[in-house]
Amino acid sequence: MTIDIHSQSPTSRRQRARLAIASALLVGGLTLSGCAADTTTATTTASTSASQSDETSSSTASSPGSTTTDATTTAGTISATADAAETFLATLTAEQLDAVQYSFDDDTKTTSWSNFPVTFVDRAGLNLSDLTEEQKTAALAVLEGLLNDDAYATVSGIMGGDEYLHENSSSTEESLGQYYIAFFGDPSDTSAWEVQFGGHHLGINATLDGSADAITFAPTHLGIQPAEYTDTNGNDVQPFDGIYTDAFAFYDSLTDEQKAALYQGETVANMVCAPGGTCDYPTGTGLSGADLNDEQKQLLLDVIANWAGMADDQTTATARAKIEATLDSTYVNWSGATTYDMTQGDGIYFQISGPDVYVEFAAQQGSAGADVTGVTTSGWGHVHTIYRDPTNDYANSATQQAATGMGGAPAGGTPPGGGMGF
């Protein structure tokens, strides 16, 4: 199935594109467990899951052949993820167990994720490319337990983009498509622990605490390159279409006066707080949440939910409520393009900064050598993002330390000798 995003409504584009992503194959034979063999089956499964989104359930871990967990409560997601993690651990050797498990407060969790490839910043845990097929399937089932359908599709699309670049681009970076999984603390539905999963353009740090009935994804990095590609099944894939759609829905809701306060200029701004780096959380620039009406506030929360709302309905609602409570003291600014048209301009930048949320979305003005003829791998098509909670990163179990890579450059920054980062 080919998806023409320009001929569909934003809602249908977003839904169908994300469903198509779920069938992508990943590099080195790393097939996402739970992805259907054909698009029809995948669409049917995901639609069924969506129709159950208002039901409350306490799900068990997903098994090979299913899609994501059907948990809609925080407790259900914690239980599903813990069960999947235990199943994965049971497949490992003693040496592998030693490599994948860390204490909950180990500072390694803060230095082992970045937008840089894994050859520049050492990731914690086990490289999925070193695992058996059984172990890979079990590792990816942990993500299935943790993430909702939309988030799982976005992550799948990010990883599929790496595979696409590895197979089709001019990049000589051999680590494209390599991803690591690590656990900080023992998987449990009664105490705090963290799942860390990532590689190039992906760094998920999800803290799950059954004792507090809480899940947080702060800090987490999502990135894309390219913006759009065709997967091995012939599907058109756009991992960030949902984020772009939400962002422009918010922008388009603003009055001219509000846009004047929000907009910082045509030049796409550079990232302030890089993935894997420390952050001083700048604020006070742009449009204040206090100057938004109720509908606009909800649209802004929809944007934030692309990072803060990656798990079940209850966890998402809890995160939204916390952020909404201080939204009047939150500021958002924007630069670059003002219409969602990837054939025009150099992409966009926006920053959302407040007491309980920090999000940056930044187009990168360079391809880092990953060029593919006719494919956008810069600007719109090369994006770094960061989500952090100034009050609750890592559930306050550790303080961010800057990861280092490429000759000592801060992770997420500009490589030595110039260039536009990775």
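This passage looks at two helix pairs and one run of paired strands in a predicted model.

Two packed helices are conveniently described by the angle between their axes and by the distance between those axes. Helix α3, spanning residues 74-89, packs with helix α6, residues 133-146, at an angle of about 170°. The axes of α3 and α6 lie 8 Å apart. Since angles over 145 degrees count as roughly antiparallel, α3 is therefore roughly antiparallel to α6. On the α3 side, the contact involves T77, A80, T81, A84, A85 and F88. These residues meet Q135, A138, A139, A141, V142, G145 and L146 of α6. Sorted by class, the contact of α3 with α6 holds nine nonpolar and four polar residues, with no charged ones.

A second helix pair is found further along the chain, where helix α10 (residues 294-308) packs with helix α11 (residues 313-325). Here the angle is about 130° and the axes are 10 Å apart. The two helices are therefore oblique to each other, and the crossing of α10 and α11 is right-handed. From α10, the residues in contact are Q298, L301, D302, I304, A305 and A308, while α11 supplies A319, R320, I323 and E324. The contact of α10 with α11 comprises six nonpolar residues, one polar residue and three charged residues. Among the residues that make this contact are D302 of α10 and both R320 and E324 of α11.

Turning to the strands, β15 (residues 357-364) pairs with β14 and also with β16. Strand β14, residues 348-354, runs antiparallel to β15, and six bridges join the two. β14 and β15 form a hairpin, with two residues between the strands. Within this pairing, S353 has Y358 of β15 as its bridge partner. The pairing of β15 with strand β16 (residues 379-388) is also in the antiparallel sense and extends over seven bridges. One of the residues to follow here is V359, whose bridge partner in β16 is Y387.

How is β15 placed with respect to the rest of the structure, enclosed or not? Eight of its eight residues are buried, so β15 is largely enclosed by the rest of the structure. The side chains can be followed in two sets: V357, V359, F361 and A363 point one way from β15, and Y358, E360, A362 and Q364 point the other way. All of these residues are buried, E360 and Q364 included.

Conventions: Residues numbered from 1 in each chain as written. Predicted model: local features only at pLDDT ≥ 70, side-chain atom pairs only at ≥ 80, totals over all residues. Heavy atoms only, no water. Axes fitted to C-alpha atoms, helices over the stretch in contact; angles between N-to-C directions. Helix = DSSP H or I, 4+ residues; strand = E, 2+ residues; numbered from the N terminus. Parallel < 35°, antiparallel > 145°, perpendicular 65-115°, else oblique. Left-handed = near helix turned anticlockwise from the far one by under 90°. Contact = heavy atoms within 4.5 Å. Nonpolar A, V, L, I, M, F, W, Y, C, P; charged D, E, K, R; others polar. Buried < 20%, exposed > 50% of the residue type's maximum accessible area, 1.4 Å probe, protein only. Pairing = 2+ DSSP bridges.
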